[in-house]
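Colleague: Could you take a close look at one part of this for me? Chain A is what I'm after.

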Amino acid sequence: MNWRGIKAVVLKDAILYFRNRFFAVITMLGLVTFVIIYFVMPSTVDETLKLGVYAPGIPPEILESQEIQDGIELTVIPSEEKLKDEVLEGTYIAGLALAGNPSAEFSINVYLASDLPDEMRDTIEALITEMAFQVTGKPAPVKWQQEILGRDMAGEQIPQRDRMRSLFAVFILFTETFGLAGLLSEEFERRTAQALLVTPLTLKDLFTAKAILGTIMAFVQAMIVLAIVGGMNVQPLIITVAVLLGAVLVTALAFFMAALGKDFISVMAWGIPGMVILIIPAFAIMAPGITSDWIKVIPSYYLTDTIFQVANLEAGWNEIWSNLLILIGFNIVLLSAGILALRRKAQWA
Amino acid sequence: MGVMRIAVLLRKELFQGPKNFFFIGAIIMPLILSFAISLVFGTLFNDQASLGIVDEGNSQLVMMIEENSALVSIEYKNFDELTDAVRNGAVDGGLVLIPDFDEMVKQGEQVDIPLYMWGESLAKDRSIILATVSNLVRELANQEVPIDIETITLGEEENIPWNDRLLPLIVLMAVALAGLALAGSSLVAEKEKKTIDAVVVTPTTINQVFIAKGLLGIIIGVISGIIILLINQAFGTNPALLVMLLILGGIMAAGIGLLMGAFSQNVTTFFSGMKLFGALLYAPAIFYFFPDMPQWIGKIFPTYYIVQPIVEISQQNAGWSQISFEVFILIGLDVALITLVAMIIRKKPQYAV
């Protein structure tokens with residue numbers, strides 16, 4: 001290995017990259033956009049349905065000790081008019097005006113806003129009806145034996161923006177592949193690579209230099225964003241290792257794309273379908289249950305799952321070592337295949 | 001003005017365009033997204049509680065749950081499939097109905113039924129599942145509601161389903177992607193290949209080249225926007241007004257595309273710009289996804305003045321009087337952009353060629 005030559009190529013490419021101030025500024029602004037999206041999104045999960053209650057003469061506690069109460073937040077409102085106003089303003093999803101006495105004659109007016117979806121109307125009606133049964137002491141003919149499958153996250157739900165951390169990391173990493181693949185493919189098409197190879201630099205050195213630059217560029221950007229959005233708050237070493245492996249993975253994919261494409265546009269044509277596939281596991285984290293075990297054949301699954309588990313569920317090495325091992329395996333296979341494909345292109349060129 | 005020359009240049013763009021990746025992407029992407037995003041995001045943002053059921057007998061309750069819109073129900077073949085689905089979050093809850101369940105309930109027997117809940121399911125979804133299923137079981141057992149419940153609807157606003165909320169994003173994507181990507185990428189590609197130098201040594205002026213490329217973006221953007229609106233049956237009662245807005249939106253997108261194209265020396269730089277400006281252009285549409293977010297933020301972005309009138313016309317059948325304020329701002333922004341592009345061509349020709 002000609003490390004001096006490799007260092008020179010890495011420095012040359014880095015200088016070229018940052019000399020283009022527009023390119024550099026835009027890349028930074030792109031990162032800022034991700035950060036803004038993160039901070040604009042809600043930081044908490046609203047787990048309850050908020051109902052306003054106007055119940056003159058009826059102790060509100062009567063409604064608060066029911067089996068279905070965990071998911072409902074009742075707030076007592078001093079007047080029926082105010083209750084209607086609050087429902088119209090969207091403070092409460094529904095307003096209940098109770099009249100009479102639960103032990104004798106009893107009625108409920110349910111106020112719903114007109115823009116409430118039909119399914120939510122049915123939901124509210126079901127909830128109120130069940131509350132009415134329970135308030136009047138009529139047990140259901142079934143006794144539910146509740147069992148929680150998986151870790152019970154009640155009260156500690158993960159906000160959607162924190163689920164998106166994996167998506168940010170994967171998106172930044174894979175977007176960077178276009179830049180590296182474009183640079184590589186144009187280097188061969190414009191024959192600047194051939195010019196470099198007449199120096200003491202070998203093809204192996206050239207690939208190593210490109211791999212180092214691509215990995216550093218992808219890694220640094222993803223780490224900056226993850227650090228700002230709180231992805232490094234728990235087990236930073238695991239996250240660093242995972243992102244580094246992810247950066248190597250995208251560099252390997254960039255080699256493939258560069259071997260297939262002739263210029264930046266054809267690199268994009270090959271890369272976008274690949275990128276869409278690789279982003280699927282990050283979407284699966286945002287909407288659990290939409291995919292099944294087939295998702296594990298996508299290499300990026302092991303990266304997104306690691307970031308999600310560590311950053312959100314405080315997983316440690318014991319829980320994710322297998323993910324990292326599989327990611328290393330994918331990296332070895334894909335990097336070898338990518339280099340082979342690019343070497344063939346270089347030889348033909 | 002050289003209308004004939006512009007027409008020749010435009011014809012060339014339209015015939016050569018389909019070989020360009022951006023051209024194909026700009027037309028096909030919004031169409032694919034129109035079908036795919038509504039499907040994917042419709043599921044992603046569906047906040048209805050879901051219940052998996054295994055029916056070991058032939059319970060009437062299954063059909064009652066299916067017909068109730070408070071829950072989304074999925075039937076599973078066996079216990080293992082059901083618990084797997086609950087464990088990985090495919091459904092919020094899981095219910096196993098034993099043989100003779102209906103008879104036991106109708107005879108007033110107290111039946112113990114396991115109800116599995118996904119660990120990450122929201123507390124409100126758990127309550128909804130419990131309340132809805134309990135209610136339906138009571139109905140099966142012919143229990144009567146013990147009190148009078150009257151539902152009263154307040155206000156006149158209509159509910160906007162997710163598919164409708166997604167429409168602004170898709171329309172904006174169609175207009176902006178075509179206007180921005182086509183006009184800009186075509187300019188950058190010519191600059192990179194130096195063909196623009198060859199064109200401007202002929203009697204064709206750089207202004208005419210810019211106009212032709214801008215028109216390409218506007219025409220394709222407007223056509224894509226119209227197709228998206230037709231597919232989504234969202235033409236509203238004022239189609240002429242809608243087309244006018246698409247044209248004004250196309251002018252804005254093409255103007256931004258030409259500016260980006262003028263300042264980008266190669267496609268790589270142009271693509272980097274699209275990464276940023278793409279996110280900024282689509283930003284107002286995001287606020288339709290999340291109505292709880294402060295809506296004034298959306299007004300900061302220039303594309304708000306394309307999206308908002310389109311939403312008002314297509315979803316609320318608004319007329320000129322309701323949208324005129326936003327339209328005048330949009331026209332003002334278009335004029336400013338055109339002026340800026342013209343100034344760059346005149347005062348900084350090195351960017352244009």
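Modeller: Sure, starting with a term: a crossing is right-handed if the near helix is turned clockwise from the far one by less than a right angle, and left-handed if anticlockwise. This is a predicted model, so local features need pLDDT of at least 70 and side-chain atom pairs 80 or more, while totals for chains, interfaces and linings use all residues. Residues are numbered from 1 along each chain as written, with chains lettered from A and ligands numbered from 1 in written order.

Now the helices (DSSP runs of H or I, at least four residues; strands are E, at least two; both numbered from the N terminus). In chain A, α8 (residues 203-228) packs on α9 (residues 236-260) at about 135°, axes 8 Å apart (lines fitted to C-alpha atoms over the stretch in contact, angles 0 to 180 degrees between N-to-C directions). That makes the pair oblique, meaning outside under 35 (roughly parallel), over 145 (roughly antiparallel) and 65 to 115 (roughly perpendicular) degrees. α8(A) passes α9(A) in a right-handed crossing. Among the residues in contact (C-beta atoms, placed from the backbone, within 7 Å) are Gly214(A), Ala218(A) and Phe219(A) of α8(A), plus Val243(A), Gly246(A) and Ala247(A) of α9(A). By class, that contact has 13 nonpolar, four polar and no charged residues (nonpolar: Ala, Val, Leu, Ile, Met, Phe, Trp, Tyr, Cys, Pro; charged: Asp, Glu, Lys, Arg; polar: the others, Gly among them).

Chain A also touches chain B, through 75 residues against 68 from chain B. α5(A) gives the largest share of chain A's side, 12 residues, and that side splits into 40 nonpolar, 20 polar and 15 charged.

Note on methods:
Contact = placed C-beta atoms within 7 Å.
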